[in-house]
Amino acid sequence: MACCHYYGHTAGGDTAFAVDMSAITYGAGCLAEAGDHARSLGMHRVALFTDASLAALEPVAVVKQSLLAAGLDVVVYDRVKVEPTDGSFLSAARFASEGKFDGFVSVGGGSVIDTCKAANLYSTYPAELIDYVNAPIGNARAVPGPLKPHIACPTTSGTGSECTGIAIFDFVERRVKTGIVSKRLRPSLALIDPTTTYSLPANVVAASGFDVLSHALESFTALPYTRRAPAERPSMRPMSQGANPWSDLGCEKALQMTGQFLERAVRDASDHEARDGMMFAATLAGIAFGNAGVHLPHGMSYAVAGQVKSFCPHGYPQDEPMVPHGMSVIVNAPAVFRFTADACPERHLDAARWLGADVAGATDADAGEIVAQRLIALMQSTGIPNGVGGVGYVPDDVDSLAAGAWAQQRLIKNAPKAVTENDLAGLFHGAMKYW
């Protein structure tokens, strides 16, 4: 167990942590099991969520055929938007409400899985969109009760959404990303087939892989749960409860595997060992951050993605500007970990070593720069843009970006040290360019 002293008792802090996770089936070909699992969960009429690109591909065909072979009524919803918006969440919720489904299956990346979560929620417990959205942007209303069963089938090795109770979307009018967080959103079952990643473009593998890295690195360096005030009731303990001994296990292995496989997985689609490794790392990191929470790079990413100007990356839809989630996270990360390292330098050095950095002879004072330089090297070798400036921002945008990030208080408060809006502005300035 890494850095046990990190969890020393703190006056006023929590004395226990919780572990919650989806049931998981992992392995080549497991998508063909969807029908049997759906029947065992009591499904009869199933909403199958995917996006327009995936709808014609093998993973969706395999899942649909399995559901039909199990005697289930299946209706496909293929209008999921890559990087969902408030409007696309509402459209999916209307479809789910009108369809009167008793179960949901999602096949795709985080956008598909998150949209399916939202559709399940709003069709089961109708409300205004803003009601369940995180404060301070939304009303943070608690999900009233259990949702219908949901089987999540990820096809990208990154988001970990199949393991979490989080659904993220772009609130277009407010030009910021936000989300809905509840343990009840967590899928009933994840079917994780690594072979679905073999045809992914290199840039998608890179962006997804850096989401894995960020989930693990942020969870490992998050505020320890013993420094978080106890919830009003134990049943209300948040998923973003802070770093804890359970999440540490997944973070360590996910960082080691990312250091070993990320560059290989991006460089060579035929390197199935590497792509399998990244899919398993994504699963481990998803379980970890689902029980610890992420912090500043993710909080800042929601502003980067929500205020995008004209950036359109290769391998993604070109019909409108977007910064893919993992990319919008990692362009902030080197600046952030230079800033947070003094709060827990041992953890930053451990993470750097697991990612492949040479930490021989390093002191606590070196920790932030060592992590930052390792991240920068990985970004350069995998074709990630050069910081926030590389995705279209200029120094004049910093105040707006900082304000957008400051709204993400659930994430900001999970950082290992106190953060102000001025700090965020400084971090965005530091993230403009790395090389």
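**Figure 1. Thr155 and its surroundings in the predicted model**. Thr155 sits in the loop that joins strand 5 (150-154) to strand 6 (166-171). With a relative accessibility of 5%, Thr155 counts as buried, because the limit for that class is under 20%. Neighbours within four places in sequence are left aside here. Beyond them, Thr155 touches Leu54, Pro59 and Val107. Gly108 and Gly109 are also in contact with Thr155. Thr196, Thr197 and Leu200 complete the list of contacts.

**Figure 2. Asn134 and its contacts**. Asn134 is found in the loop between helix 5 (129-132) and strand 5. Its relative accessible area is 13%, so Asn134 is buried. Leaving aside neighbours within four places in sequence, Asn134 is in contact with Ala140 and Arg410. Thr178, Gly179, Ile180 and Val181 are contacts of Asn134 as well.

**Figure 3. Helix 7 packed with helix 13**. Two packed helices are described by the angle between their axes and by the distance between the axes. Helix 7 covers residues 245-267, and helix 13 covers residues 367-382. Their axes come within 9 Å and cross at roughly 20°. Angles under 35 degrees count as roughly parallel, so helix 7 and helix 13 fall in that class. The crossing of helix 7 past helix 13 is right-handed. From helix 7, the residues that meet helix 13 are Gly259, Leu262, Glu263 and Val266. Helix 13 contributes Arg374, Leu378, Ser381 and Thr382. By class, this contact holds three nonpolar, three polar and two charged residues.

**Figure 4. The salt bridge between Arg45 and Asp73**. The model has 15 salt bridges by count. One of them pairs Arg45 with Asp73. Their closest N and O atoms are 2.6 Å apart. Arg45 belongs to strand 2 (residues 45-51), and Asp73 belongs to strand 3 (residues 73-80). The pair links distant parts of the chain, 28 residues apart. Arg45 has 27% relative accessibility and therefore counts as partly exposed. Asp73 is also partly exposed, at 38% relative accessibility.

**Figure 5. The salt bridge between Lys309 and Asp397**. The closest N and O atoms of this pair are 2.6 Å apart. Lys309 lies in the loop between helix 9 (296-306) and helix 10 (325-330). Asp397 lies in the loop between helix 13 and helix 14 (398-406). The salt bridge therefore ties together parts that are 88 residues apart in sequence. Which partner is buried, and which is partly exposed? Asp397 is buried, at 15% relative accessibility. Lys309 is partly exposed, with a relative accessible area of 39%.

**Figure 6. The salt bridge between Glu369 and Arg338**. Here the closest N and O atoms are 2.9 Å apart. Glu369 is in helix 13, the helix that also meets helix 7. Arg338 is in helix 11 (residues 333-340). The two residues are 31 residues apart, and the pair links distant parts of the chain. Glu369 is partly exposed, at 36% relative accessibility. Arg338 is partly exposed as well, with a relative accessible area of 34%.

**Figure 7. A salt-bridge network**. Arg264, Asp271 and Glu273 are linked in a network of salt bridges.

Note on methods
Residues are numbered from 1 along each chain as its sequence is written. This is a predicted model: local features need pLDDT of at least 70, side-chain atom pairs count only at pLDDT 80 or more; totals for chains, interfaces and linings use all residues. Side-chain values use heavy atoms; hydrogens and water are left out. Axes are lines fitted to C-alpha atoms, for helices over the stretch in contact, and angles run from 0 to 180 degrees between N-to-C directions. Helices (H or I, at least four residues) and strands (E, at least two) are DSSP runs, numbered from the N terminus. Angles under 35 degrees count as roughly parallel, over 145 as roughly antiparallel, 65 to 115 as roughly perpendicular and the rest as oblique. A crossing is left-handed if the near helix is turned anticlockwise from the far one by less than a right angle, and right-handed if clockwise. Contact means heavy atoms within 4.5 Å. Ala, Val, Leu, Ile, Met, Phe, Trp, Tyr, Cys and Pro count as nonpolar, Asp, Glu, Lys and Arg as charged, and the others, Gly among them, as polar. A salt bridge is a side-chain nitrogen of Lys or Arg within 4 Å of a carboxyl oxygen of Asp or Glu. Buried means under 20% relative accessible area, exposed over 50%, partly exposed in between (1.4 Å probe, protein chains only).
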